[in-house]
Amino acid sequence: QVQLVESGGGLVQAGGSLRLSCAASGGTVSVHFMGWFRQAPGKEREFVAGITWSSGSTDYADSVKGRFTISRDNAKNTMYLQMNSLKLEDSAVYYCGANPTFLLRFIPSAYRNWGQGTQVTVSS
């Protein structure tokens, strides 16, 4: 069973940058896609970015395209989310998830495993 641990969140001013990390351990052999989601108070969990582990193909939500970059380090079983030009509306708890599918990669309920989340707060 895969375990996921996020890190790298914090408080940053608008226009600043953060890099989130998601370290995976355990039974990662069945993981084909990993994604970043975020959830703000009173809102549903939404897809931010994802990566197909084997190929490195990426997906981004329109709201972050051009500002965020997802990447992976296969040797470390770790994926990253580089967040630049942060906006107030980026404030949320960010979660990484592991998904054995590809077609359902944008659907939160399709993810079998989640990390505990890391808080990102963007201030003016």
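Modeller: Contact, as I shall use the word, means heavy atoms within 4.5 Å of each other, and please keep in mind that this model is predicted.

Colleague: Fine. So which residues does W114 touch, leaving out those up to four places away in sequence?

Modeller: With those sequence neighbours set aside, W114 touches L4, F37, R45, Y95, C96, G97 and P108. For one of these, G97, there is also a backbone distance: the C-alpha atoms of W114 and G97 are separated by 4.5 Å, although the two residues lie 17 places apart along the chain.

Colleague: And where does W114 sit?

Modeller: W114 belongs to strand β10. W114 counts as partly exposed because its relative accessibility is 27%, and the partly exposed class lies between under 20% for buried and over 50% for exposed.

Colleague: Let's change topic to the sheet. What is the order of the strands in the open sheet of 4?

Modeller: The order is β1-β3-β8-β7, and the pairing is antiparallel. The edges are formed by β1, residues 3-7, and β7, residues 68-73, each of which pairs on one side only. Neighbouring strands in this sheet are turned against each other by 15° on average, if direction is ignored.

Colleague: What holds strands in a sheet together, in general?

Modeller: Strands of a sheet pair through backbone hydrogen bonds, and they can do so in a parallel or an antiparallel way.

Colleague: How many bridges are there between β1 and β3?

Modeller: There are 5 bridges between β1 and β3, the latter covering residues 18-25, and the two strands pair in the antiparallel sense. Within this part of the sheet, S7 stands opposite S21 of β3. If you follow S21 to the other neighbour, you find that its bridge partner in β8 is Y80, and β3 and β8 pair antiparallel over 6 bridges.

Colleague: Is β8 mostly covered or uncovered?

Modeller: Strand β8, residues 78-83, is mostly covered, since 5 of its 6 residues are buried. β8 is also joined to β7 by 6 bridges, with the two strands running antiparallel, and here T78 of β8 is the bridge partner of D73.

Colleague: What do β7 and β8 form together?

Modeller: They form a hairpin with 4 residues between the strands, and N77 lies in the turn. N77 is not a glycine, yet its phi is positive, at about 50°. Most residues other than glycine have a negative phi, so a positive value deserves a second look. N77 counts as partly exposed because its relative accessibility is 26%.

Colleague: Which residue in the loop between β8 and β9 should I look at next?

Modeller: Look at S85, which is found in that loop. S85 is a residue other than glycine with a positive phi, near 50°, and S85 counts as partly exposed because its relative accessibility is 41%.

Colleague: Last one: which residues form the nonpolar patch on the surface?

Modeller: The patch is made of F102, L103, L104, F106 and I107, which together have about 500 Å² of accessible area. F106 lies in the loop between β9, residues 92-99, and β10, residues 113-114. F106 counts as partly exposed because its relative accessibility is 38%, and patch members need over 30%.

Notes
Residues numbered from 1 in each chain as written. Predicted model: local features only at pLDDT ≥ 70, side-chain atom pairs only at ≥ 80, totals over all residues. Heavy atoms only, no water. Patch = residues over 30% accessible without salt bridge, like charges linked within 9 Å, V, L, I, M, F, W, Y side chains within 5 Å. Areas by Shrake-Rupley, 256 points an atom, 1.4 Å probe, with all protein chains shown as cover. Salt bridge = Lys/Arg side-chain N within 4 Å of Asp/Glu carboxyl O. Buried < 20%, exposed > 50% of the residue type's maximum accessible area, 1.4 Å probe, protein only. Pairing = 2+ DSSP bridges. Axes fitted to C-alpha atoms, helices over the stretch in contact; angles between N-to-C directions.
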